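Thanks for making the time this morning. I would like to walk through a few backbone details, and I will ask you to keep the picture in view while I talk.

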Amino acid sequence: MQACRPRVVVAMSGGVDSSVTAALLAEQGFEVIGVTMRLWDGPATGKGCCGVDDATDARRVADRLGIPFYPVNYSAAFREKVIDNFVDEYQSGRTPNPCARCNQFIKFDQLLRQAHDLDAAYLATGHYARIDRSGARPRLRSGRDATKDQSYFLAVTPSEALDSLLFPLGDYTKDEVRAQAARLGLINADKAESQDICFVPRTAAELVAERGSGPGLNPGEVVDRAGNVVGRHKGAAFYTVGQRRGLDLALDHPMYVVETDPHSNRVVVAGAEEVFHERMEVSGLHWFAEPLASAGRSAEVKVRYAGRPVSARIQPLTGDRARVTFAEPVRAVTPGQVAAFYAEDEVLGGGWIEAAA
Amino acid sequence: MSLYLDHNATEPLDPEVRAVMEATAQERWGSSQSVHAWGQRARAALEEAREQAAVLVGAQPRQVTFTSGATEANNTVLKGRALHPGSQGTLLVGATEHASIRGPARYLGERGFPVAEIPVDGQGRVTPTALRDAIEAHWPVSLVSVLWAHNETGAVQPIPELAGVCAELGVPLHSDAVQAVGKVAVDFGAGPAAISLSAHKLGGPKGVGALVCDPEALTLDPLLHGGGQERGWRAGTENLPGIAGFGRAAELAAQRRPAWAQWTADLRDRLEARLSQDPVGAEVLSGGCERLPNTSCLVVPGVRAETLLMALDLEGIAVSSGSACASGSLEPSPALQAMGLSPERSGASVRVSLAGSNTAEEMADFADRLEALVSRLRQRSSAAG
């Protein structure tokens, strides 16, 4: 009864997480179709062109599972929505979040539409997050493995996408996933985790340098809060708020970047105690269910992937903006990153950090 | 359902060819270079295959050099010409050439050899005038290379006329005839100085092909140096079972061509007549010029070919589109771009290529499924707004 099996497209990278995702769904009786997104169209640097190795690994897993497999080319959309934005953000003195952008504009937009075009009911990925379908509407919840939870990157996912998404790894720990990979005989159980921007054979600095024009690419001065010159930098667009390494300063105590201004090519540093923020402004506000009431609301807020949530009060501003006031100061709130709003393990929504004070 | 409509990519091995290959592997395993009887038996099979391949294209057997395929033959022509001490001037290649010409041309260009393209018209053809203009613009010219019939659109180039222009100007012409041979008349005697052939497009084995070259019209350096095989033109112990299979495939292709051409053209034309109408409303590329009888390249408005290929494959139907990069994902077709197609149109083009074994029922079934699929995809994209 092949016609009764729900069809699911699985985004496969060749890594252990997405491979186990595909295998588990196949075991559960889904008709699984594997796809690998080709995201990089620039010249190679050792890693081979257009993610050849990743696609080859993913294809071998698909062969092993006996499922159809297709590479799909999203390199043009990825360049426009993720890479160009990545460099723009650095040149605007912000720190981009390419994973969240890729989820929002590539995986859960282009790829999801592709899945529906193939008559698939679902798109599945190897994210460590859960979608709770026990209620009237699906709710996004954090992954069971707190050390791997990736719900932060999903906070700006379009609400209607949740209906069609499956995250089978949300109930597993990383160790359990590795054990599953070993049980299923998947060849890449020990493959290294992807680093930097996955599928892109460049470091952030290389991508910024390749732009070749615009603000913040030339050496300049590092100043303290009072405007005293305390060192030199390679170009303000290469630095990010909270950064300590890579600063060549003639000072006897550790200093952190608290602001980059590529237009004046200035990097401002301060001592550890000055990197903390009491509030921030968020744009592109997104809620999975009820929109923000005019009286605002309380929530737990995460301002970076690796960080614990902090209690905060969210007050609406005009348009899709809000002011978030933390219950306790938060270290290095960084414009360009995602702000994810939680109530316990449920992701209520999110937005993009515009400014912090 | 299982329906293979991608015969320009490759063909299944013909059972008669396989029988010859098995017998050759069993009985003719000697080295053709050896003096003894084992060597002589191998040599006899090799020369018989050479005669069979020569007959197919109207060449002399001594003009046929076996290679590992058309990619090697094309590389030999371009690199062997560029590196030949007597040759001088620009390598001129058509704007819609196969990757196995564009690849070595780009490589040679990066190494400092002058390389240029000949533009094509909207049908994908190199006209005699365009060729003459290109030769005059890039004079001196050491070689012209133009694909005989296009793998994607099936457009057949006016090779005898192009050969006439080249002969008049004293420039050697090479033509990659991989898709043309066995499908349309390919007469080496009336045409170019060299052509490239491939066995697996004729129901022969993969990994075998030939360079047919008149050494008086085109002087080349070999690509592979070593032993004296192929009269020193191509060193390395011959893939004799493959070559014998190629010979038999060439013989069969020559016998079958008239009936094959009529049958596939009839199926193709009826398919195009139906798919040009609603609901698909396809546009036939290169429809205004002579085409391979079995080939149809269709622009399906409003549908991404990548999606169409995957969706058809999930229903068990094989067609193709564009060209694949190393990861297997599709790239925009450079040939269709050279013909002036916008990225949208070239990204909506699918190629259907038929075999003599296809039936009218299969074509009707394919058209039914394609119509249903295209209607569904268009509905979705209009719903998505």
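Let me begin with A:N265, which, in this predicted model, counts as partly exposed because it has 18 C-beta neighbours inside 10 Å, and a residue would need 20 or more to be called buried. If you look for A:N265 along chain A, you will find it in the loop between β11, residues 255-261, and β12, residues 266-271. Its backbone deserves a moment as well, since A:N265 is not a glycine and yet its phi is positive, near 50°. As a general background, most residues other than glycine have a negative phi, and most peptide bonds are trans.

Now please turn to chain B, where B:S286 also has a positive phi, near 55°, and is likewise a residue other than glycine. Is B:S286 buried or exposed? With 25 C-beta neighbours inside 10 Å, B:S286 counts as buried, and its place in the chain is the loop between β9 and β10, the latter being residues 295-299 of chain B.

That leaves the peptide bonds, and here I would point to two of them in chain B. The bond from B:W139 to B:P140 is cis, with omega near -5°, and B:P140 sits in the loop that runs between α5 (128-137) and β5 (141-145). The bond from B:D278 to B:P279 is cis too, with omega near 0°, and where B:P279 is concerned, you should look in the loop between α7 (240-276) and β9 (283-284) of chain B.

Note on methods:
Residues are numbered from 1 along each chain as its sequence is written. Chains are lettered from A and ligands numbered from 1 in the order in which they are written. This is a predicted model: local features need pLDDT of at least 70, side-chain atom pairs count only at pLDDT 80 or more; totals for chains, interfaces and linings use all residues. Helices (H or I, at least four residues) and strands (E, at least two) are DSSP runs, numbered from the N terminus. A residue is buried if 20 or more other C-beta atoms lie within 10 Å of its own, exposed if 12 or fewer, and partly exposed in between; C-beta atoms are placed from the backbone.
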